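Reader: I am new to this structure and would like a close look at one part of it, followed by whatever lies around that part. Please go slowly, and explain each term as it comes up.

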Amino acid sequence: MNYISIQDIESLKKWVKQAIKIKKKPLKNKKLGKNKTLGMLFFNSSLRTRLSTQKAALNLGMNVMVMNFTSEGWTLEFEDGAIMNSGASEHIKEAAAVISQYCDIIAIRAFAGLVDKEKDNAEIVLNGFLKHATVPIVNMESATGHPLQSLADAITMAEHKTKHKPKVVLSWAPHPKALPQAVANSFVEMMQLQDAEFVIAHPEGYELNPEITKNSTIEYDQNKAFENADFIYTKNWSNYKEYGKITNSDSNWTVTADKMKLTNNAKFMHCLPVRRNVIVSDEVLDSENSIVIEQANNRTYAAQLVLQKILKFCATTSNGKFPSTGKKK
Ligand code: SN0
């Protein structure tokens, strides 16, 4: 059993309910993870993902080992049959198999490189571990998805919604750096599992992968999208068509108090880290309607639910042993 994408959630409604239950009594399953080790591998920076996932594991009584791969690990080779006579020191085959000897669950963060679309879509790092590790894998933001974030987003929206079918807007905003589409992708996938009026707003040309957005409504007029919205979820992503490029930095897309006035007193959401007065004005981020800190808090319960499910699953299969390579679902 792995947690790789939003598609791994069999019932979002149920999962959100279960996470809210965990939030009320986070130490209830303190014994479940006893003597089990979570290995957290980072190929990129992290604040919330690292601390909330670690906290979730500790709440379950697990041991945690964290490794920053870019500065501490050997440079990995991912290609089958590679002649390793240049940069990379170790093949994913050995690395994943070895880490599986020490860890009962491996969680991985490996962002998109934003240079080669095919390569990013192939999820080389995540799939390398999936193929060669012998223990369950958790995605802590890969090239194309951030399912722990969207699960936390779903929990946060469930806690704050005041009507059955809220209007939810995912709005692009400008950013000085080229950022991945991962957060937006998983948010879209998660919204497709919800009963909501869902609108994606971005400048023309900033369309996300159509295989992900499918039939979701796209609006190029941000003001129109904001009308009567109950939730504004803001996130920058770099151009998907002109892959990894910044083709627009229009500050008219920054979320301001004036824009929030168009909404139905909407809650403001962002996964963080957020660039103040570029993505969103201080006034909005510091307002009562901003629920970004609660969103970050819910990262713990999203991660805890996922780890708990994996631990329980593993406890019920083959004499408490964790499943080995091959079919891991
Ligand atoms: C990451 C992203 O995928 O957009 C992680 C978000 C959870 N964000 C950044 O890299 C922001 C970096 C910056 O300099 O603002």
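Author: Helices (H or I, at least four residues) and strands (E, at least two) are DSSP runs, numbered from the N terminus. Residues are numbered from 1 along each chain as its sequence is written, and side-chain values use heavy atoms, without hydrogens or water. The model is predicted, with local features needing pLDDT of at least 70 and side-chain atom pairs pLDDT 80 or more, while totals for chains, interfaces and linings use all residues.

The part to look at closely is the open sheet of four strands, which come in the order β2-β1-β5-β6 and pair in parallel; two strands pair if DSSP finds at least two bridges between them. At its edges stand β2 (63-68) and β6 (137-139), each of which pairs on one side only. From one strand to its neighbour the turn is 20 degrees on average, with direction ignored (axes are lines fitted to C-alpha atoms, for helices over the stretch in contact, and angles run from 0 to 180 degrees between N-to-C directions). Beside the edge strand β6 runs β5 (residues 105-109), parallel to β6 and joined to β6 by three bridges, and here I106 stands opposite I137 of β6.

Two helices belong to this picture. Helix α4 (residues 92-102) packs on the sheet and touches β1 (37-42), β2 and β5, its direction making about 130 degrees with that of β5, where contact means heavy atoms within 4.5 Å. Helix α6 (residues 124-132), in turn, lies across β1, β5 and β6 and runs at about 165 degrees to β6. In the loop that leads from β5 to α5 (117-121) one finds L114, a residue other than glycine whose phi is nonetheless positive, near 60 degrees.

Further along the chain there is an open sheet of five strands, again with parallel pairing, in the order β9-β8-β7-β10-β11. Its edges are β9 (217-219) and β11 (267-269), and because each has a single partner strand, one side of each is left without a neighbour in the sheet. The twist from one strand to the next averages 25 degrees. Strand β8 (residues 197-201) runs parallel to β9 and is joined to β9 by three bridges, with V199 having T217 of β9 as its bridge partner. Across β7 (167-171), β8 and β10 (231-234) lies helix α8 (residues 182-191), running at about 160 degrees to β7.

After β11 comes the loop towards α12 (282-285), which holds P273, and the peptide bond from L272 to P273 is cis, with omega near 5 degrees. L272 is also one of the residues around the ligand, together with F111, E141, H146, H175, K177, L179, P180, K235, C271 and R275, each with a heavy atom within 4 Å of the molecule. Three of these side chains place a polar atom by an oxygen atom of the ligand: E141 at 2.6 Å, K177 at 3.1 Å and R275 at 2.5 Å, where polar contacts are pairs of N or O atoms within 3.5 Å.

Lastly, there is a pair of helices to consider. The axes of α7 (residues 147-160) and α13 (residues 292-316) come within 8 Å and cross at roughly 115 degrees. Among the residues that make this contact are L148, L151, A152 and I155 of α7, and Y301, A302, L305 and V306 of α13.

Conventions: Polar contact = N/O pair within 3.5 Å; in protein donor to acceptor, adjacent residues only side chain to side chain.
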